[in-house]
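The exercises below ask the reader to work from a sequence and its three-dimensional model. Please examine both before attempting the solutions.

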Amino acid sequence: MSIHQSLLEEFSTHAQSSANATELMAHISQRLHAQLARYNWVGFYLVDKTDPGMLVVGPYVGSFSPNERIPINKGLCGAAATMRKTVVVNDVANDPRYLAGSEIVKANMVVPILAKNQLVAELDIESYFTNTFTPAEQTFAESIAKLVGKFMESSH
């Protein structure tokens with residue numbers, strides 16, 4: 001079984017006993033960061049319930065403090081939010097949309113999380129290495145986003 005498959009199974013099992021979405025996201029962030037060497041910063045951004053035009057940082061694991069609030073129309077997070085599609089940039093130096101959280105980030109993948117067809121959050125994975133994110137990595141991250149979205153639908 002691949003590391004991706006085993007982590008997805010673990011997350012699925014964990015979701016069955018998670019107290020809430022925050023706890024599930026914290027677990028996923030911690031495990032992805034611990035198990036995948038090139039996932040140097042892993043976290044979630046949540047749509048701000050009081051200001052739906054903003055994303056606010058949620059649970060994360062990594063060596064730098066992220067942007068706390070991101071307008072939904074700015075950066076790679078904003079692009080993923082407005083398109084409702086995964087954004088993969090394997091060299092952030094070549095993408096003017098990237099809002100630097102840290103100088104050491106070289107690649108970024110942002111996956112929108114939908115619950116009841118509404119954007120509720122995003123999974124944000126950053127790497128200190130260019131060309132980290134393959135199509136298999138994207139599929140894996142999208143599977144995690146679906147799992148979290150389903151959890152958030154059932155816990156509302």
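Five exercises follow, each with a worked solution.

The model is predicted, so local features need pLDDT of at least 70 and side-chain atom pairs count only at pLDDT 80 or more, whereas totals for chains, interfaces and linings use all residues. Residues are numbered from 1 along each chain as its sequence is written, and side-chain values use heavy atoms, with hydrogens and water left out.

**Exercise 1. The overall fold**

Task: Determine the pattern of helices and strands that the chain follows along the sequence, and compare its radius of gyration with that of a compact globule.

Solution. Step 1: Helices (H or I, at least four residues) and strands (E, at least two) are DSSP runs, numbered from the N terminus. On this basis the chain has 4 helices and 6 strands, in the order α-α-β-β-β-α-β-β-β-α.

Step 2: The radius of gyration is taken over C-alpha atoms, and the globule rule is 2.2 Å times the number of residues to the power 0.38. For 156 residues the rule gives a value near 15 Å, and the chain agrees with it at 14 Å. The C-alpha trace spans about 40 × 40 × 25 Å along its principal axes.

Step 3: Contact means heavy atoms within 4.5 Å. Of the contacts between residues at least 6 apart in sequence, 50% join residues at least 24 apart.

Step 4: Buried means under 20% relative accessible area, exposed over 50%, and partly exposed in between (1.4 Å probe, protein chains only). Buried residues account for 49% of the 156 residues.

**Exercise 2. The enclosure of α3**

Task: Establish which residues of α3 are buried and which strands they pack against.

Solution. Step 1: The buried residues are G75, L76, C77, G78, A79, A80 and A81. Because 7 of the 9 residues of α3 are buried, this helix is largely enclosed by the rest of the structure.

Step 2: The packing partners of these buried residues are β1 (41-47), β2, β3 (69-71), β4 (87-89), β5 and β6.

Step 3: After α3 comes R84, which has a positive phi, near 55 degrees.

**Exercise 3. The enclosed space**

Task: State how many cavities of 30 Å³ or more the whole structure holds, and describe the lining of the largest cavity.

Solution. Step 1: Rolling a probe the size of a water molecule over the atoms shows where empty space is left. On a 1 Å grid over the protein atoms alone, a cavity is a set of points where a 1.4 Å probe fits but cannot get out; a pocket is an open set with protein on both sides within 12 Å along at least five of seven lines; lining residues have an atom within 4 Å of a point. Grid points are joined across faces, edges and corners, and a volume is the space filled by probe spheres set on the points.

Step 2: The search finds 1 cavity of 30 Å³ or more, and the volume of the largest cavity is about 110 Å³. Its lining has 15 residues, of which N67, I70, L99, D124 and E126 are the closest to the centre.

Step 3: Two or more lining residues come from each of α3 (75-83) and β6 (118-127), and α3 contributes the largest share, 3 residues.

Step 4: Ala, Val, Leu, Ile, Met, Phe, Trp, Tyr, Cys and Pro count as nonpolar, Asp, Glu, Lys and Arg as charged, and the others, Gly among them, as polar. The cavity lining then comprises 9 nonpolar, 4 polar and 2 charged residues.

**Exercise 4. The largest pocket**

Task: Identify the element that gives the most to the lining of the largest pocket.

Solution. Step 1: The volume of this pocket is about 210 Å³. Among its 13 lining residues, P112, I113, L114, A145 and K146 are the closest to the centre.

Step 2: At least two lining residues come from each of β5 (107-115) and α4 (135-155); α4 gives the most, with 6 residues.

Step 3: By class, the pocket lining has 5 nonpolar, 2 polar and 6 charged residues.

**Exercise 5. Two buried positions**

Task: Describe the surroundings of V111 and of S29.

Solution. Step 1: V111 belongs to strand β5 and is buried, with a relative accessible area of 2%. Beyond four places in sequence, V111 touches T86, A121, E122, L123, A141, E142 and A145. The C-alpha atoms of V111 and A141 are 6.9 Å apart, although 30 residues separate them in sequence.

Step 2: S29 is in helix α2 (residues 21-35) and is buried, with a relative accessible area of 1%. Leaving aside neighbours within four places in sequence, the contacts of S29 are V42, G43, F44, P59, Y60 and V61.
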